[in-house]
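Reader: I would like to learn how to read the open and enclosed spaces of a protein model, and then a few single residues. Could we go through them one at a time?

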Amino acid sequence: MDHEPVGSDDLEEAARVFTGVRPRLFGIAYRMLSSASEAEDLVQEVWLRWQATDRSAVLNPAAFLATTTTRLAINALQSARRRRETYIGPWLPEPVDTSADPYLGAERGAALEFAALLLMEKLTPNERAAYVLREAFDYPYAQIADILRSTEPAVRQLVSRARKHMAEERRTPVSPAAQRELLTTFIAAARSGDLAALERLLAADATNIADGNGRIRVSRRPVVGAQRVVKYLSALNWFWAGVEVEWATTNGQTSAVLRQNGSVYGLLTVTASSDGIDQLLWLVNPEKNAAASVA
C-alpha cells in the first residue's frame with residue numbers, strides 16, 4: 001500500500017510544537033557546545049529529524065525533542081573538541097545575545113556565563129549534559145537518565161561530580177551590576193593608560209585571554225598575574241585610538257563591543273569576584289563576532 005503524503009496541516013502542527021520548545025533546545029545545545037553557530041546548526045538538524053519522525057508515535061514531543069538535542073550535542077561536542085586541537089591560541093566560547101532571553105529558554109540562567117562555560121569544558125560530555133539539564137533546566141533525574149540512556153543513581157553521580165568540579169574551581173561571581181561597573185571602569189582606565197587604576201581593578205592572579213584563532217597582533221598565550229597583565233596592557237595602549245565602545249548583553253552579563261572604523265573588531269568582557277577582575281576575555285575571532293554585530 002502506498003503511504004499517503006504528509007498533509008500540510010500535520011507539518012504545520014509539527015512546526016508549531018517545534019517552535020514552542022525551540023528556545024529550550026537552543027539553550028541546551030548552546031550550553032553543551034559553547035557556540036551559538038554550532039547550536040543553531042544542531043537545532044536545525046533536530047527540526048529535520050522531527051519532520052521525518054513518525055510523530056503519531058511520540059507521546060511527549062517536548063521530551064523527545066530535548067532528548068534528540070542532547071544526544072546530538074554529546075556527539076557534536078566530542079567532534080568539536082577534536083577540531084579545537086588545531087585552534088591557534090586560546091579558545092573561548094562564542095558569545096550569545098541574551099538581551100531578549102536572559103535565561104535562553106531555561107528555568108535558570110545557570111551554566112551560561114563565560115566563567116561557567118569555560119569550567120564545563122573540563123567535564124566529560126555526559127557530565128556536562130547531566131549538569132546542564134539539571135542545573136539550568138531543572139529536569140528530574142529520572143528523565144535525565146532516559147535522555148542519557150543511563151540509570152538514576154548514575155545520573156545523580158554525574159551531577160554531583162560536575163557540581164563539585166564547578167564549585168572547587170569557580171569563585172563566587174559578583175552581581176551583574178558590579179560586573180558591568182568593573183568592565184566600564186576597566187575600559188576607562190585602559191583608554192587613559194592609568195596603570196595604577198588598572199592594577200587596582202585586577203585580582204592578583206587575573207588572566208588576560210584573547211581568542212583570535214591566529215589573527216594578526218592578537219596574543220596567542222594567556223597572560224597571568226595582575227602585574228604582568230598591566231604590563232601587557234600598557235604595551236597595547238595604541239589599540240584604543242579610534243576605538244568606539246558599545247554595550248551588549250551576552251551570556252547574561254555586560255560585554256563591550258569594540259568598533260574600529262565603524263566595523264566590529266571584537267568583543268571584550270570580564271569575569272569577576274570579590275577579589276576583582278579574574279579574567280579579561282577578548283573575543284576577536286571574526287567568526288565569533290555575530291553576537292557583537294547585532295549590538
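Reader: How does the lining of the second largest cavity divide into nonpolar, polar and charged residues?

Author: The classes are fixed by residue type: Ala, Val, Leu, Ile, Met, Phe, Trp, Tyr, Cys and Pro count as nonpolar, Asp, Glu, Lys and Arg as charged, and the others, Gly among them, as polar. In this structure the lining of the second largest cavity has 4 nonpolar, 5 polar and 3 charged residues. Before we go on, note that this is a predicted model, in which local features need pLDDT of at least 70 and side-chain atom pairs count only at pLDDT 80 or more, while totals for chains, interfaces and linings use all residues. Residues are numbered from 1 along each chain as its sequence is written, and side-chain values use heavy atoms, with hydrogens and water left out.

Reader: What is a cavity, as opposed to a pocket?

Author: Both are sought on a 1 Å grid over the protein atoms alone: a cavity is a set of points where a 1.4 Å probe fits but cannot get out, a pocket is an open set with protein on both sides within 12 Å along at least five of seven lines, and lining residues have an atom within 4 Å of a point. Grid points are joined across faces, edges and corners, and a volume is the space filled by probe spheres set on the points. Here the search of the whole structure gives 2 cavities of 30 Å³ or more. The second largest has a volume of about 30 Å³, and its lining includes Ile88, Gly89, Pro90, Asp211 and Arg220.

Reader: Which residues line the largest cavity, and what is its volume?

Author: The volume of the largest cavity is about 130 Å³. Its lining consists of Asn208, Ala210, Arg217, Val218, Ser219, Tyr232, Leu236, Trp238, Phe239, Tyr265, Trp282 and Val284, which by class comes to 9 nonpolar, 2 polar and 1 charged residues.

Reader: Which elements supply the lining of the largest pocket?

Author: Elements are read from DSSP runs numbered from the N terminus, with helices (H or I) of at least four residues and strands (E) of at least two; by that count the protein chain has 11 helices and 6 strands. The largest pocket holds about 500 Å³ of space, and of its 19 lining residues, Leu119, Glu169, Thr271, Asp278 and Gln279 are the closest to its centre. At least two lining residues come from each of helix 4 (114–120), strand 1 (202–211), strand 5 (263–273) and strand 6 (276–283). By class, the lining of this largest pocket has 7 nonpolar, 4 polar and 8 charged residues.

Reader: Which residues lie nearest the centre of the second largest pocket?

Author: That pocket contains about 320 Å³ of space, and among its 19 lining residues Gly109, Ala110, Ala111, Glu113 and Arg170 lie nearest the centre. Helix 5 and helix 7 (152–169) are the elements that give two or more residues to this lining, and helix 7 gives the most, with 3 residues. The lining of the second largest pocket divides into 11 nonpolar, 4 polar and 4 charged residues.

Reader: Is helix 5 mostly covered or uncovered?

Author: A residue is called buried when its relative accessible area is under 20%, exposed when it is over 50%, and partly exposed in between, using a 1.4 Å probe and protein chains only. In helix 5 (residues 125–135), 10 of the 11 residues are buried, among them Pro125, Tyr131 and Glu135. Over the 295 residues of the protein chain, buried residues make up 50%.

Reader: Where does Arg217, which we met in the cavity lining, lie in the chain?

Author: Arg217 sits in the loop between strand 1 and strand 2 (223–224), and it counts as exposed because its relative accessible area is 62%. Its phi is near 65°, a positive value in a residue other than glycine. Arg149 also has a positive phi, of about 55°, although it is not a glycine; Arg149 lies in the loop between helix 6 (141–147) and helix 7, and is exposed at 66% relative accessibility.

Reader: Which residues are in contact with Arg191, leaving aside its neighbours within four places in sequence?

Author: Contact means heavy atoms within 4.5 Å. Arg191, found in helix 8 (residues 176–192), is in contact with Asn237, Trp240, Val243, Glu244 and Val245, once those neighbours are left aside. With a relative accessible area of 36%, Arg191 is partly exposed.
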